[in-house]
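Below are my notes on this model, set out as numbered points. Please read them beside the sequence and the coordinates.

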Amino acid sequence: MRKLLLSACLFLAIGFHVSAQKISKKPLDHTVFDRWQSITGQRISNDGKWIGYIIKPQQGDAELIIKDSKNTSSIKIPRADTVKITGDSKFAICLIRPFYKDTRQAKIKKKKQADFPKDTLGIIALGSSSVKKVPAIRSFKIAEDAAVIAYLATADTLKKPASGDTTKKAVAAAVAPPTHEGADLTIKKLKTAAERSFKYVTEYQVSKNGKWIAFAVTAPIKQKETVSGLYLFNLEKNAVKRLSTGRGNYRNISIDDAGRQIAFTAEKNPEKALVKPFKLYYYNTAKDSAEVIAAAGTAGISNNWAVSGDGKVSFSKSGNNLYFGTAPIPKPADTTLVDFEVAKLDIWNYKDDYLQPQQLKNLQTELKRSYLAVIKPEETNAKTVQLGSKAIPEILTAENKDARYVLGLTDTGARVSAQWEGSTRQQAILIDTRSGNHRFINASLGRYYISPQGNYVLWFDLKDQAWYCYTIATGQKINLSKATGTKMGDELNDVPGYASAYGMAGWLAGDKAVFIYDRYDIWRFDPATGDAFNFTKGIGRKNKLIMRYDQTDPEQKFIPLKEPMWLLTQNEETRQWGYFRKFPETNNLPEKAVMASMSYDNLLKAKNAEAYIYTKASYKQSPDLYFSSDLKKEIKLSSINLQQNDYNWGTAELVRWTTPKGYQSQGILYKPEDFDPAKKYPMIVYFYERLSDGLYNYIAPAPTPSRLPISFFVSNGYLVFAPDIRYQTGHPGASAGVD
């Protein structure tokens, strides 16, 4: 009897304790916001065996975690918030930031940038627990296809031990005030640890294969040992070659994919010169040094124009075409006048393309604007062809930069109407990269695209609500939407303007096909004939599944034929998320991999393995990182925001109702975790367009500039209701009140 009594008492005690725990869970307050974490910067190695990710608080010091894909080993690097993994999957490179509190104090004390605490470079051999550190780093770059790293460090850093860190002592010893002459460049083979260093480097670039490193040197005037100029370091031969000599401003170093050509912009004008136009320099392995191939006065460059130091320089994949920017040469400032004698006056007119505040906001961008030009550097007597101009400022190049044509876009003369129409009527113009000749294609309200191989121009006409395709070789224009019999513009559009397109998934290699969305499904089109078929076999519309292609490689330029297309899918009725998959060349139904009461994001695939990482979350579950080979069986890699268990959180549920006007509508009702249906609660109604698709979104407690901090109010005993709103033209407020 005594044992039974003790058992009963223990049961009551446990029950009371659990109940007390539920009741005593704390409400969120503003002091806890900074602790809340997120996963950022995730990477997976090319072989799929290693994962790196950053755990970042809203305010404070981040932490880098590197794990193997089986989640059996890990290494943590405090304060690291940037990570890259080398192409051979052997090393991870990170930037370790100074303590947040030290940087904050430097800002409070308004220190010069030179006196701020510096970053530290971290080099990790994957599979080991050691981190080699180099303090006072300015920047680093790694070769895409080789285990080679180049990094700039503040002067005198190279004399310090490689294991140093940006602690207060290390910074005090290693950081000399940086000068405009540059810093120390170190080039290192990660596998052998062999390295070479150069002083006074201002700019540098690493070739894709890691064999070449081009760098600019600007030595102090009184220093005689080092000559200013542009240098090339051959890593295989451990040899340095000077490509260009002279003090100056070297920018935009570019190396072609094959690692045999280099181009850059530079100006070597006298320091006191009022105008300092740039020139385009070019070098290949058949030359002794770099030579100027474009400058002010060069054939093809307009009068009073020159090469722009702000324009990007890039080679086509074959190296045959070299793209660069040009711009008008600015007028020299009048040095006979002092500032206080110069009147400052802004003149505007109601016919201006842009409103005056927008003109002022865009001023610095416009001053640095450059216009695209191209040259074939290996041709004898190569001629510059100007592609962009003030009349045609925007140029779209195909992914294949060897394509014969680029696409010029202009809304010049039609911008004023955008103030009340919301968009402008653009003209699309083909520009021949060989001759510079123009060919007008179309003018419409819509967004234009050029296909990856440069064979087609695609656009959605907002007025016609149709996708069109223009074949560059024949000049034929086809209405692609006509073959579908389906509306391709937003079916739920409720604003006083044209419905926008649902978008485009991408192209197959060789421009063989293009994939375009309707409300639910994905359509595949032959751009040459306009033939179309429903790639997702209509299961989207039939089952109210919104299916969208999720690109698993951020650098992917077209949809690969031999890999599955992962389709991020949301059930419009339940708001559940998941993934289907289908190969682009098959005719079968999409295969469901997963569908759950969760949200999915940031799906990344290893380059050389069937290995994936992604985040998964719900309103109750913080977004954590997962690893999987098929998205069915998964390994959880992270567990952030465990402190959430200490607070009264909440739940989110979908609510449906019929509006007074007869519409079927829905919304999200958020309730506190300790909700008691027998009690009355204050309720906040938060509405803005349609929010119900965010049913499974995690809402971290955070300060918000314009949105309601839902989780904060729910934790503090409020119900929050977020209804979907169907607007009526001219009556947005009334629509929100009666829908």
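1. Strand 44 and strand 45 run antiparallel and are joined by 9 bridges. One bridge pairs Thr 651 with Lys 671 of strand 45. Strands here are DSSP runs of E of at least two residues, helices are runs of H or I of at least four residues, and both are numbered from the N terminus. Two strands count as paired if DSSP finds at least two bridges between them.

2. This is a predicted model, in which local features need pLDDT of at least 70 and side-chain atom pairs count only at pLDDT 80 or more, while totals for chains, interfaces and linings use all residues. Residues are numbered from 1 along each chain as its sequence is written, and side-chain values use heavy atoms, with hydrogens and water left out.

3. The strands of point 1 belong to an open sheet of 4 strands with mixed pairing, in the order 44-45-47-46. Its edge strands are strand 44 (650-658) and strand 46 (683-685), each of which pairs on one side only. The average turn between neighbouring strands of this sheet is 20°, direction ignored. Such angles are taken between N-to-C directions, from 0 to 180 degrees, with axes as lines fitted to C-alpha atoms, for helices over the stretch in contact.

4. The largest nonpolar core has 21 residues, and those touching the most other members are Leu 28, Trp 36, Tyr 619, Tyr 670, Ile 710 and Val 720. At least two residues each come from strand 45 (664-672), helix 8 (710-715) and strand 47 (719-723). Helix 8 gives the most, with 3 residues. A second, separate core of 20 residues includes Ala 150, Ile 187, Phe 215 and Val 217. A core is a set of buried Ala, Val, Leu, Ile, Met, Phe, Trp, Tyr and Cys residues joined through side-chain atoms within 4.5 Å. Buried means under 20% relative accessible area, exposed over 50%, and partly exposed in between, with a 1.4 Å probe and protein chains only.

5. Strand 29 (residues 456-461) is largely enclosed by the rest of the structure, because 6 of its 6 residues are buried. Tyr 456, Leu 458 and Phe 460 point one way from this strand, Val 457, Trp 459 and Asp 461 point the other way, and all are buried.

6. How is strand 29 placed among its neighbours in the open sheet? The sheet has 4 strands in the order 28-29-30-31, with antiparallel pairing. Strand 28 and strand 31 (477-479) are at the edges with a single partner strand each, so one side of each has no neighbour in the sheet. Neighbouring strands of this sheet are turned by 20° against each other on average, direction ignored.

7. Strand 28 (residues 448-450) is joined to strand 29 by 3 bridges, and Tyr 449 has Leu 458 as its bridge partner. These two strands form a hairpin with 5 residues between them, where Gly 454 in the turn has a positive phi of about 80°. On the link to strand 30 (residues 466-471) there are 6 bridges. Leu 458 stands opposite Cys 469, and Tyr 456 stands opposite Thr 471. Strand 29 and strand 30 also form a hairpin, with 4 residues between them, and Gln 465 in the turn has a positive phi of about 55°.

8. Two asparagines deserve a look. Most residues other than glycine have a negative phi. Asn 381 has a positive phi, near 55°, and lies in the loop between strand 22 (371-375) and strand 23 (385-386). Asn 641 also has a positive phi near 55°, in the loop between strand 43 (634-636) and strand 44. Asn 381 is exposed, with a relative accessible area of 74%, whereas Asn 641 is buried at 3% relative accessibility.

9. The whole structure has 2 cavities of 30 Å³ or more, and the largest holds about 70 Å³ of space. Among the residues lining the largest cavity are Tyr 549, Asp 550, Trp 566, Lys 605 and Tyr 612. A cavity is a set of points on a 1 Å grid over the protein atoms alone where a 1.4 Å probe fits but cannot get out, and lining residues have an atom within 4 Å of a point. Grid points are joined across faces, edges and corners, and a volume is the space filled by probe spheres set on the points.

Definitions and conventions. 1 Å grid on protein atoms, 1.4 Å probe; cavity = no way out; pocket = protein on both sides within 12 Å on 5 of 7 lines; lining within 4 Å.
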